[in-house]
Amino acid sequence: MHEPELDPTDRRILAHLQAHGRASNLELAEAVHLSPAQCNRRHRRLEERGFVRRYEARLDAGKVGLGVLAFVHVTMERGHIREVVKFRDVVSSLAQVQECYAVTGDFDYVLKVVARDLKALSDFLLGTLAQLPGVNGVRSSVCLDEVKCTSALPLDG
């Protein structure tokens, strides 16, 4: 089902929420030039229609003791569909895995993984990830410096 277009006011609401997730309804209404009642109705409608997936606090990984970020490329064994289902289920439950994407190209999955240090990353890759059913290969790239990190979507078209 195709979602109806967002009007400019809906886009302003969503843009403000991306930058200020803790904004009160009054703050949001003022920012998008609506009455609080109108803003609240539109905001709730956007949530009900699934435009807002969830609200969360973004923590500083280094400050909570997770000093290593890595992007992990996983290759699955060919022809083992049951293992793919198990792999997805297990990966979804692993706290170290922040994101997981099925991709095209030389690898089957790309994972964003956090770890306390390089030893913890190595233990996770070799002792957990590489041991999962159907995994044929694991390659990782350790992040040296974060240049840009955002979850904000471009809403201007």
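Here are some questions and answers about the fold and the salt bridges of this predicted model.

User: Hello! Which elements does the protein chain have, and in what order do they run from the N terminus on?

Analyst: Happy to help. The protein chain holds five helices and four strands. Read from the N terminus on, their order is α-α-α-β-α-β-β-α-β.

User: Is the protein chain a compact globule or more spread out, and what is its radius of gyration?

Analyst: For 157 residues the globule rule gives 15 Å, and the value for this chain is well over that, so the chain is more spread out than a compact globule. The C-alpha atoms fill a box of roughly 55 × 40 × 25 Å along the principal axes. The radius of gyration is 20 Å.

User: What share of the 157 residues counts as buried?

Analyst: A residue has to fall under 20% relative accessible area to count as buried. The protein chain exposes about 11100 Å², with carbon and sulfur atoms supplying 52% of that area. Of the 157 residues, the buried share is 30%.

User: On to the charges: how far apart do the centres of the positive and negative sets lie?

Analyst: There are 21 positive and 21 negative side chains in the protein chain. The distance between the centres of the two sets is 2 Å.

User: Which residue forms a salt bridge with D7?

Analyst: The closest N and O atoms of this pair are 3.0 Å apart. The pair links distant parts of the chain, with D7 in the segment before α1 (8-19) and its partner 35 residues apart from it, in helix α3 (residues 36-48). D7 is partly exposed at 27% relative accessible area, and the partner is partly exposed at 21%. That partner is R42.

User: Which residues are linked with D7 and R42 in a network of salt bridges?

Analyst: The D7 and R42 pair is itself a salt bridge. The network also takes in two further residues, D10 and R45.

User: Is K112, which forms a salt bridge with E99, buried or exposed?

Analyst: The closest N and O atoms of K112 and E99 are 3.7 Å apart. K112 lies in strand β3 (residues 109-115) and E99 in strand β2 (residues 97-102), so the pair ties together parts that are 13 residues apart in sequence. E99 is partly exposed at 30%. With a relative accessibility of 15%, K112 counts as buried.

User: And R54 with E56: what is the N to O distance in their salt bridge?

Analyst: Both partners count as exposed, E56 at 55% relative accessibility and R54 at 59%. Their side chains meet with an N to O distance of 2.9 Å.

Terms used
Residues numbered from 1 in each chain as written. Predicted model: local features only at pLDDT ≥ 70, side-chain atom pairs only at ≥ 80, totals over all residues. Heavy atoms only, no water. Salt bridge = Lys/Arg side-chain N within 4 Å of Asp/Glu carboxyl O. Helix = DSSP H or I, 4+ residues; strand = E, 2+ residues; numbered from the N terminus. Buried < 20%, exposed > 50% of the residue type's maximum accessible area, 1.4 Å probe, protein only. Rg over C-alpha atoms; globule rule 2.2 N^0.38 Å. Areas by Shrake-Rupley, 256 points an atom, 1.4 Å probe, with all protein chains shown as cover. Lys, Arg positive; Asp, Glu negative; His and termini not counted. Charge placed at Lys NZ, Arg CZ, Asp CG, Glu CD.
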